[in-house]
Amino acid sequence: MAKTYSALIIDDSGEVRIILTRYFKNLGFETIDTAEDGRAGLDKARSTKPDIVILDGIMPELDGIKALPEIKKESPNTVVVICSSLSDKSKVMAFKNAGADFYILKPFDRERFEEVINQAIEILASRPGSAS
């Protein structure tokens, strides 16, 4: 990874935030922020403008389906990966229609996570003005 990308993990599970932070570090990310709910995550997304956001679908305060359009409105080039246990097709489509770039079903494995993040990096690198 030539350019350094930033990530924001928004999940109400402290364990998930720790695991995903470790995964991002293994992929070479240096800037990794976390938030414990949708409202705090939206505030961090507004202030840090991360390249990639991992967003849990079900959280207190502000859930993923409500936070997602706000994140995309503030920073349309941010790649948003929904990471949720919701497997109902209508829920998945609702996230896609709200602007999600990827959807990972929990529980997931490290290989699947890295595959999705590498695809997200490819999207970011291909955008005009990207320093690769």
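Modeller: Let us start with one term: a salt bridge is a side-chain nitrogen of Lys or Arg within 4 Å of a carboxyl oxygen of Asp or Glu. Please keep in mind that the model before us is predicted.

Biologist: Thanks! What makes Glu70 and Lys73 a salt bridge?

Modeller: The closest N and O atoms of Glu70 and Lys73 are 3.5 Å apart. The cut-off is 4 Å, so the pair at 3.5 Å counts as a salt bridge. Both residues sit in helix H3, three residues apart, which is about one turn of the helix.

Biologist: Why is Lys73 called exposed or buried?

Modeller: Its relative accessibility is 58%. Exposed is over 50%, so Lys73 counts as exposed. Glu70, in contrast, has a value of 26%. That lies between the limits of 20% and 50%, so Glu70 is called partly exposed.

Biologist: Which other side chain does Glu70 meet in a salt bridge, and what is the distance?

Modeller: Glu70 also meets Arg46, at 3.5 Å from N to O. Arg46 belongs to helix H2 (residues 38-48) and Glu70 to helix H3 (residues 64-74), so this salt bridge ties together parts that are 24 residues apart in sequence. Arg46 has a relative accessible area of 32% and is therefore partly exposed.

Biologist: What makes Lys49 and Glu74 a salt bridge?

Modeller: Their side chains meet at 3.8 Å, N to O. The cut-off is again 4 Å, so this pair counts too. Lys49 is in the loop between H2 and S3, while Glu74 is in helix H3, so parts that are 25 residues apart in sequence are tied together. Lys49, at 38%, is partly exposed, and Glu74, at 31%, is partly exposed as well.

Biologist: How many salt bridges are found in the whole structure?

Modeller: The search finds 11. Coming back to Glu70 and Lys73, which pair at 3.5 Å, salt bridges with shared partners join Asp43, Arg46, Lys49, Glu70, Lys73 and Glu74 into one network.

Biologist: Now the rings, please. How many aromatic pairs are there, and why are Phe24 and Phe29 described as they are?

Modeller: Rings pair if their centres lie within 6.5 Å, and the count by this rule is five aromatic pairs. For Phe24 and Phe29 the centres are 4.7 Å apart and the planes stand at 70°, so the pair is edge-to-face; that label needs an angle over 60 degrees.

Biologist: And what makes Phe108 and Phe113 a stacked pair?

Modeller: Their planes differ by 25°, with 6.0 Å from centre to centre. Stacked asks for under 30 degrees, so 25° earns the name. Tyr23, Phe24, Phe29, Phe108 and Phe113 form one aromatic cluster.

Biologist: How do you know whether Phe113 and Phe108 are buried or exposed?

Modeller: Phe113 has a relative accessible area of 0% and is therefore buried, since buried means under 20%. Phe108, at 21%, is over that limit, so Phe108 counts as partly exposed.

Biologist: What does Phe113 touch?

Modeller: Leaving aside residues up to four places away in sequence, Phe113 touches Leu20, Tyr23, Phe24, Leu27, Ile54, Ile104 and Phe108.

Biologist: How many residues does the largest nonpolar core have, and which have the most contacts inside it?

Modeller: This core has 23 residues, and those with the most contacts inside it are Phe24, Phe29, Ile52, Ile54, Val81, Phe113 and Ile117. Helix H5 gives the largest share of this core, six residues. Apart from it lies another core of 17 residues, Leu55, Ile71, Val80 and Phe95 among them.

Biologist: In what order do the strands of the sheet come, and why are S2 and S5 said to stand at the edges?

Modeller: Five strands form an open sheet with parallel pairing, in the order S2-S1-S3-S4-S5. S2 (31-35) and S5 each have a single partner strand, so one side of each has no neighbour in the sheet. On average, neighbouring strands are turned by 20° against each other, direction ignored.

Biologist: How do you know that S3 and S4 pair?

Modeller: Five bridges join them, and at least two are needed, so S3 and S4 pair. Ile52 stands opposite Val79 in S4. Finally, H5 lies across S3, S4 and S5, at about 175° to S5.

Methods. Residues numbered from 1 in each chain as written. Predicted model: local features only at pLDDT ≥ 70, side-chain atom pairs only at ≥ 80, totals over all residues. Heavy atoms only, no water. Buried < 20%, exposed > 50% of the residue type's maximum accessible area, 1.4 Å probe, protein only. Core = buried A, V, L, I, M, F, W, Y, C linked by side-chain atoms within 4.5 Å. Helix = DSSP H or I, 4+ residues; strand = E, 2+ residues; numbered from the N terminus. Contact = heavy atoms within 4.5 Å. Axes fitted to C-alpha atoms, helices over the stretch in contact; angles between N-to-C directions.
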